[in-house]
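This report concerns one protein structure and its ligand. The sequence and the model are shown first, and the sections that follow take up the ligand site, an aromatic pair and the backbone.

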Amino acid sequence: MTESGTIFDQIISRELAADIVYEDQYVLGFKDINPQAPIHILFIPKLRIATHNDINIDNIDYVSKMHLAINHYVNQIGEAENGYRVVMNCNKNGQQTVFHIHMHLLAGRAMNWPPG
Ligand code: AMP
């Protein structure tokens, strides 16, 4: 992470191109560059929160908006009833690589459980 943030800040500011599929006042949704399912969208808050550990009472509204954005999107693309997975990775053991929280929406196929 730099002074100007992570690559996700650059996607929010449009300095870096992304395939954006959802946007509102609080949340941006765009296709993951390395998809792990037929549908793999990253939903990010338009406020930099580094990890899940940094969610607090002052920024929790952004997290709620991320969930609402996902619900809106899965209904829009007709995957709500089929089902899907929402994942947030945190720090080393969670294999987080970009330190701006994001929810992975994985859909379009049956998921494995346990995830491994
Ligand atoms: P995580 O490992 O949970 O931090 O997930 C970061 C995700 O960001 C990975 O799935 C990457 O494939 C994805 N990613 C990294 N750079 C980009 C980018 N420029 N555009 C879209 N997705 C990206």
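## The pocket and the ligand

In this predicted model, the ligand occupies the largest pocket. Two elements each give two or more residues to the shell around the ligand, namely α1 (7-12) and β2 (27-31). The greatest contribution to this shell comes from α1, which provides three residues.

The ligand is surrounded by 16 residues, and those that come nearest are Asp-32, Asn-89, Thr-97, His-102 and His-104. Sorted by class, the shell consists of seven nonpolar, seven polar and two charged residues.

## Polar contacts of the ligand

Oxygen atoms of the ligand take part in polar contacts with side chains. In the case of Asp-32, a polar side-chain atom lies 2.5 Å from a ligand oxygen. For His-102, a polar side-chain atom is found 2.8 Å from an oxygen atom of the ligand.

The backbone also takes part: a polar backbone atom of Val-98 is 3.0 Å from an oxygen atom of the ligand. On its own, the ligand has 500 Å² of accessible area, of which the protein covers 84%.

## Aromatic pairs

A pair of aromatic rings is described by the distance of the centres and the angle of the planes. Across the whole structure, a search finds four aromatic pairs. One of them is formed by Phe-8 and Phe-30. The centres of these two rings are 5.4 Å apart and their planes meet at 75°, an edge-to-face arrangement.

Phe-8 belongs to helix α1 and Phe-30 to strand β2, so this pair ties together parts of the chain that lie 22 residues apart in sequence. The two elements concerned, α1 and β2, are also those that give two or more residues to the shell around the ligand.

## Backbone features

Most peptide bonds are trans, and most residues other than glycine have a negative phi. Which peptide bond is cis, with omega near 0°? The bond in question runs from Trp-113 to Pro-114. Pro-114 is located in the segment after β5 (103-107).

A further feature concerns Arg-14, a residue other than glycine whose phi is positive, near 70°. Arg-14 is part of the loop between α1 and β1 (20-23).

Methods:
Residues numbered from 1 in each chain as written. Predicted model: local features only at pLDDT ≥ 70, side-chain atom pairs only at ≥ 80, totals over all residues. Heavy atoms only, no water. Near = heavy atom within 4 Å. Polar contact = N/O pair within 3.5 Å; in protein donor to acceptor, adjacent residues only side chain to side chain. Areas by Shrake-Rupley, 256 points an atom, 1.4 Å probe, with all protein chains shown as cover. 1 Å grid on protein atoms, 1.4 Å probe; cavity = no way out; pocket = protein on both sides within 12 Å on 5 of 7 lines; lining within 4 Å. Sits in = over half its atoms within 2 Å of the grid points. Helix = DSSP H or I, 4+ residues; strand = E, 2+ residues; numbered from the N terminus. Nonpolar A, V, L, I, M, F, W, Y, C, P; charged D, E, K, R; others polar. Phe/Tyr/Trp six-rings, centres within 6.5 Å; stacked < 30°, edge-to-face > 60°.
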